[in-house]
Amino acid sequence: MSKDLWEQYLKSEVENIGPRRLIYHLHYFLSPIYESEKVFPKGGQILELGCGEGIYSRYLRWCSGERQITAIDFNEARINAAKGKKTFNITYLCMDAADFDLDTDFDAIGLVHCLYLNSIDRQIE
């Protein structure tokens, strides 16, 4: 996935939002999201913890339709916003990730949306 393709995807996500909501999406420019997608398997079961409004889950699915994604966030408004967009057959669950029962074998687990909330030193840990 090239940076140009990532920017094309992101533009499609933010095209119809106002300036107030744009700040939510801008933090993705602060980290190499298009690069991090490469570490996820192109297929299989993927769990995203702290998915927010699902922009990264949709991006993962957009990059490879072979991915089956379960996305979790404790914020009901964000989950509802995620469900209101093109879901690409992503399963969104409103719950605390600590309460999620890992009864499914996931091929990868991501904690992308939450990382920007921490300092760079904490992210590296």
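Start by selecting Asp73 and Cys94: Asp73 stands opposite Cys94 in E3. Keep in mind as you click around that this is a predicted model.

Now widen the selection to the two strands involved. E3 covers residues 91-94, and four bridges join E2 to E3, with the two running parallel. Color E2, residues 67-73, by burial and you'll find a mostly covered strand, with six of its seven residues buried.

Next, add helix H5, residues 76-83. Together, E2, H5 and E3 make a right-handed β-α-β unit.

Stay on E2 and turn to its other partner, E1. Six bridges join E1 to E2, and this pair also runs parallel. For a landmark here, pick Gln45 and Gln68: Gln45 stands opposite Gln68 in E2. Bring in H4 as well, and you have another right-handed β-α-β unit, made of E1, H4 and E2.

Now select the loop that leads from strand E1 (44-49) to helix H4 (55-63), and look for Glu53, which is found there. Is Glu53 buried or exposed? Glu53 counts as buried because its relative accessibility is 9%, and the cut-off for buried is under 20%. Show side chains and add Lys85 to see what Glu53 touches: a polar contact of 3.4 Å joins the two side chains.

Time for the rings. Select every Phe, Tyr and Trp; how many aromatic pairs does the structure hold? There are four. One of them is Phe100 with Phe106, a tilted pair with 6.2 Å centre to centre and 50 degrees between the planes. The pair counts as tilted because its angle falls between the 30 degrees below which planes are stacked and the 60 above which they are edge-to-face. Both Phe100 and Phe106 are buried.

Then select Phe40, Tyr56, Tyr59 and Trp62, which form one aromatic cluster. Switch the cartoon back on to place Tyr56, Tyr59 and Trp62 against helix H4, residues 55-63.

Finally, zoom out to the whole chain. You should be able to tick off six helices and four strands. Trace the chain along its sequence and the pattern reads α-α-α-β-α-β-α-β-β-α. Of the 125 residues in the chain, 37% are buried. Switch on the surface: the accessible area comes to about 7,500 Å², and 51% of that belongs to carbon and sulfur atoms. If you draw contacts with a separation of 6 or more, 59% of them come from residues 24 or more positions apart.

How values were computed
Residues numbered from 1 in each chain as written. Predicted model: local features only at pLDDT ≥ 70, side-chain atom pairs only at ≥ 80, totals over all residues. Heavy atoms only, no water. Buried < 20%, exposed > 50% of the residue type's maximum accessible area, 1.4 Å probe, protein only. Contact = heavy atoms within 4.5 Å. Areas by Shrake-Rupley, 256 points an atom, 1.4 Å probe, with all protein chains shown as cover. Polar contact = N/O pair within 3.5 Å; in protein donor to acceptor, adjacent residues only side chain to side chain. Phe/Tyr/Trp six-rings, centres within 6.5 Å; stacked < 30°, edge-to-face > 60°. Pairing = 2+ DSSP bridges. Right-handed = clockwise from strand over helix to strand, strands pointing away.
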